Amino acid sequence: MSYYDIDAILTDAEKVPCKFELDVPELGYLDNNPSQPLKAGTLVGLPLWLAEPLALTSRSTSSSEEDSRSFVSLDLPPSLSNEVMSALKADPRAVPLRDQSHNFYGLGTRMLEVFEEREICAILRRTFVTRAADIALHARKAGATEDMGVGTGEDFLRGLEEWERMLFRKAHEGTKGSKEWMEGIKKH
């Protein structure tokens, strides 16, 4: 992805739950206490672009365990919770991923850079492959029309997150291009 990729920017703006590991003066407004310091143990949702470096950077270069802890500890966002993963394991097609996050796979990929969760990785891979087959089928059906089948598959498109929408557009354009090519061959 490039620096100017809007999907990457929106993915990095997703809020992730963080727990502060130390008191921070002048940041109480993050917890609706403007005149107080942000207390250690406070749970706050921070954008991923800010939470990741705070979680990966240690407070001190000393070797003691107390000083080498990070500023915040990260948790998985609600869109990657156990409930969502269980639903995806049961039937990946039944979960409207866009309701979880507009950039579900992008967020999952970014979180897997921080957490080593093999099970989540396997679930995301299986989900994408399973749903890609349905997306290709809908795109092929919509390829018969110029409007990408908006009138017929609007509910289907509404549940797709951004990577899936891009896949749908590419599959639709490929089907439409193949149809035009075949019609051109028949004329000659």
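Where does N32 lie in this protein? In this predicted model, N32 belongs to the loop between β1 and β2. We will come back to that loop after a walk through the fold and its packing.

## Overall layout

The protein contains eight helices and three strands. From one end of the sequence to the other, they follow the pattern α-β-β-α-β-α-α-α-α-α-α. Of its 188 residues, 33% are buried. Among contacts with a separation of 6 or more, 63% join residues 24 or more positions apart.

## The nonpolar cores

In soluble globular proteins, nonpolar side chains tend to be buried together. Here, the largest nonpolar core has 26 residues, and M85, L88 and F104 are the ones that touch the most other members. Two or more residues each are supplied by β1 (15–20), β2 (43–47), α2 (48–56), β3 (72–74), α3 (82–90), α5 (104–114) and α6 (118–142). The largest share, four residues, is that of α5.

F104 is a good residue to select in your viewer. Setting aside neighbours within four places in sequence, F104 has contacts with S79, L80, V84, M85, L88, L97, L124 and E161. Another core lies apart from the largest one; it has six residues, including A139, A142, L160 and F168.

## Helix α3 and its two faces

Which residues of α3 are buried? They are V84, M85 and L88. Viewed down the axis of α3, the buried residues fall within an arc of 100°, so they line one face of the helix. The spacing is easy to follow: an α-helix has 3.6 residues a turn, so residues three or four places apart point the same way. On the face turned away from the buried side, α3 carries the exposed residues N82, E83 and A90. The buried residues of α3 pack against α4 (97–100), α5 and α6.

## Two crossings of α6

Helix α6 takes part in both of the pairs below.

| Helix pair | Angle | Axis separation | Handedness |
|---|---|---|---|
| α3 and α6 | roughly 45° | within 10 Å | left-handed |
| α6 and α8 | about 40° | 8 Å | right-handed |

With axes crossing at roughly 45°, α3 and α6 are therefore oblique to each other. On the α3 side, the contact uses M85, L88 and K89, while α6 brings E119, I120, I123, L124, R126 and T127. M85 and L88 thus appear again, having already been listed among the core residues that touch the most other members.

Helix α8 covers residues 162–187, and its angle to α6 is about 40°. That makes α6 oblique to α8. From α6, the residues in this contact are F128, R131, A132, I135, H138, A139, R140 and A142. They meet E164, L167, F168, A171, H172 and T175 of α8. A139, A142 and F168 are also among the members of the six-residue core.

## Two buried glutamates in α8

Is E164, a residue of helix α8, buried or exposed? E164 is buried, as its relative accessible area is 0%, and the cut-off for buried is under 20%. Leaving out residues up to four places away in sequence, E164 touches L97, Y105, R131, I135 and G159. One of these partners, I135, is 29 residues away from E164 in sequence, with a C-alpha to C-alpha distance of 7.4 Å.

E162 is found in α8 too. With a relative accessible area of 18%, E162 also counts as buried. Beyond residues up to four places away in sequence, the contacts of E162 are with D7, R98, H102, N103 and R169.

## Back to the β1–β2 loop

Most residues other than glycine have a negative phi, and most peptide bonds are trans. With that in mind, two residues of this loop deserve a look. N32 is not a glycine, yet its phi is positive, at about 60°. E26 is found in the loop between β1 and β2 as well. The phi of E26 is near 70°, again a positive value in a residue other than glycine.

How exposed are these two residues? N32 counts as exposed at 69% relative accessibility, and E26 is exposed with a relative accessible area of 66%.

Methods. Residues are numbered from 1 along each chain as its sequence is written. This is a predicted model: local features need pLDDT of at least 70, side-chain atom pairs count only at pLDDT 80 or more; totals for chains, interfaces and linings use all residues. Side-chain values use heavy atoms; hydrogens and water are left out. A nonpolar core is a set of buried Ala, Val, Leu, Ile, Met, Phe, Trp, Tyr and Cys residues joined through side-chain atoms within 4.5 Å. Buried means under 20% relative accessible area, exposed over 50%, partly exposed in between (1.4 Å probe, protein chains only). Contact means heavy atoms within 4.5 Å. The arc is that of the directions from the helix axis to the C-beta atoms. Axes are lines fitted to C-alpha atoms, for helices over the stretch in contact, and angles run from 0 to 180 degrees between N-to-C directions. Angles under 35 degrees count as roughly parallel, over 145 as roughly antiparallel, 65 to 115 as roughly perpendicular and the rest as oblique. A crossing is left-handed if the near helix is turned anticlockwise from the far one by less than a right angle, and right-handed if clockwise.
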